[in-house]
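This report looks at one protein chain through its overall architecture, its salt bridges and two individual residues.

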Amino acid sequence: MTTEATPIKPWHVVRRSKLHGNGVFAARKIPAGTRIIEYGGARISAKEADRRHPTNPDDPFHTFFFALSSGRVIDGGDEGNDARWINHSCQPNCEAQEGKHGKRVYIVALQDIPRGTELSYDYGLVLDGRITKALKEGYRCLCGTPPCRGTMLALPKKAAKKAAKKATNTTTTKKATTTTKTTKKAPTKAAPADKSVP
């Protein structure tokens, strides 16, 4: 039994990542289905998110916005927590799940995650308008997984299949970035925790 005298050991730790900047790693074995951390930050309107973007004009693709189905946006760069350092992967071991009232986002393990493994989820960034080659490059992915689509953007199914096929045929080195003005979106419905993602 856990009491105030015996605090619960956290699931995660933040340290430098080989993918990009800071990363979040399993501090101990994390069982599939575990709610690891809530994505924290100030709740703002979409209009306010547009006003705040870019937070760094020298790196306009790097912000910590997370869109909610309620129309609000979580700004992880303002009162945020360690969840903002979780990097993107096209073959993630976690996923973002929105709470039932559209006000919170939780990072949940898709599989058992060994101690020391970097946590990741698919940002699936959504842009308004046409996705150009320049935009894909601006949101480059460096996860290096076999199904890597080369971008953190959510691509239409046909384009995603083409990108995945191209990724398996090349060994190009790419550079990852974390998040963007294009906000991350959590699924409104919890996906099953039992996915066959290595």
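A salt bridge is counted here when a side-chain nitrogen of Lys or Arg lies within 4 Å of a carboxyl oxygen of Asp or Glu. By this rule the count comes to eight salt bridges, and it should be kept in mind that the coordinates belong to a predicted model.

## Overall architecture

The protein chain has 198 residues, of which 43% count as buried. Three helices and eleven strands make up its secondary structure elements, and when these are read along the sequence they follow the pattern β-β-β-β-α-β-β-β-β-β-β-α-α-β. If one takes the contacts between residues at least 6 apart in sequence, 70% of them join residues at least 24 apart. The chain exposes about 11200 Å², and carbon and sulfur atoms supply 53% of that area.

## Salt bridges

Three of the salt bridges are set out below, each with the closest distance between N and O atoms.

| Pair | N to O distance |
|---|---|
| E38 and R104 | 2.8 Å |
| R52 and E48 | 2.9 Å |
| D75 and R52 | 2.7 Å |

Which parts of the chain does the salt bridge between E38 and R104 tie together? E38 lies in strand β3 (residues 35-38), whereas R104 lies in the loop between β8 (94-98) and β9 (105-109), so the pair ties together parts that are 66 residues apart in sequence. As for the surroundings of the two partners, E38 is partly exposed, with a relative accessible area of 23%, and R104 also counts as partly exposed, at 42% relative accessibility.

R52 appears in two rows of the table, with E48 as one partner and D75 as another. The pairing with E48 stays inside one element, since both residues lie in helix α1 (residues 46-52), four residues apart, which is about one turn of the helix. The pairing with D75 reaches from one element to another: D75 lies in strand β6 and R52 in helix α1, so this salt bridge ties together parts that are 23 residues apart in sequence. Are D75 and R52 buried or partly exposed? D75 counts as buried because its relative accessibility is 5%, under the 20% limit that defines the class, while R52, at 22%, counts as partly exposed. These contacts belong to a wider arrangement, in which E48, R51, R52, D75 and D78 are linked in a network of salt bridges.

## Two individual residues

N22 is placed in strand β2 (residues 22-26) and is partly exposed, with a relative accessible area of 21%. Leaving aside residues up to four places away in sequence, N22 touches V14, R15, R16, S17, W85 and N87. One of these neighbours, W85, is 63 residues from N22 in sequence, yet the two C-alpha atoms are 5.7 Å apart in space.

E79 is found in the loop between β6 (72-75) and β7 (87-88). Its phi is near 65°, a positive value in a residue other than glycine. Is E79 buried or exposed? With a relative accessibility of 66%, E79 counts as exposed, because the class begins over 50%.

Key: Residues numbered from 1 in each chain as written. Predicted model: local features only at pLDDT ≥ 70, side-chain atom pairs only at ≥ 80, totals over all residues. Heavy atoms only, no water. Helix = DSSP H or I, 4+ residues; strand = E, 2+ residues; numbered from the N terminus. Buried < 20%, exposed > 50% of the residue type's maximum accessible area, 1.4 Å probe, protein only. Contact = heavy atoms within 4.5 Å. Areas by Shrake-Rupley, 256 points an atom, 1.4 Å probe, with all protein chains shown as cover.
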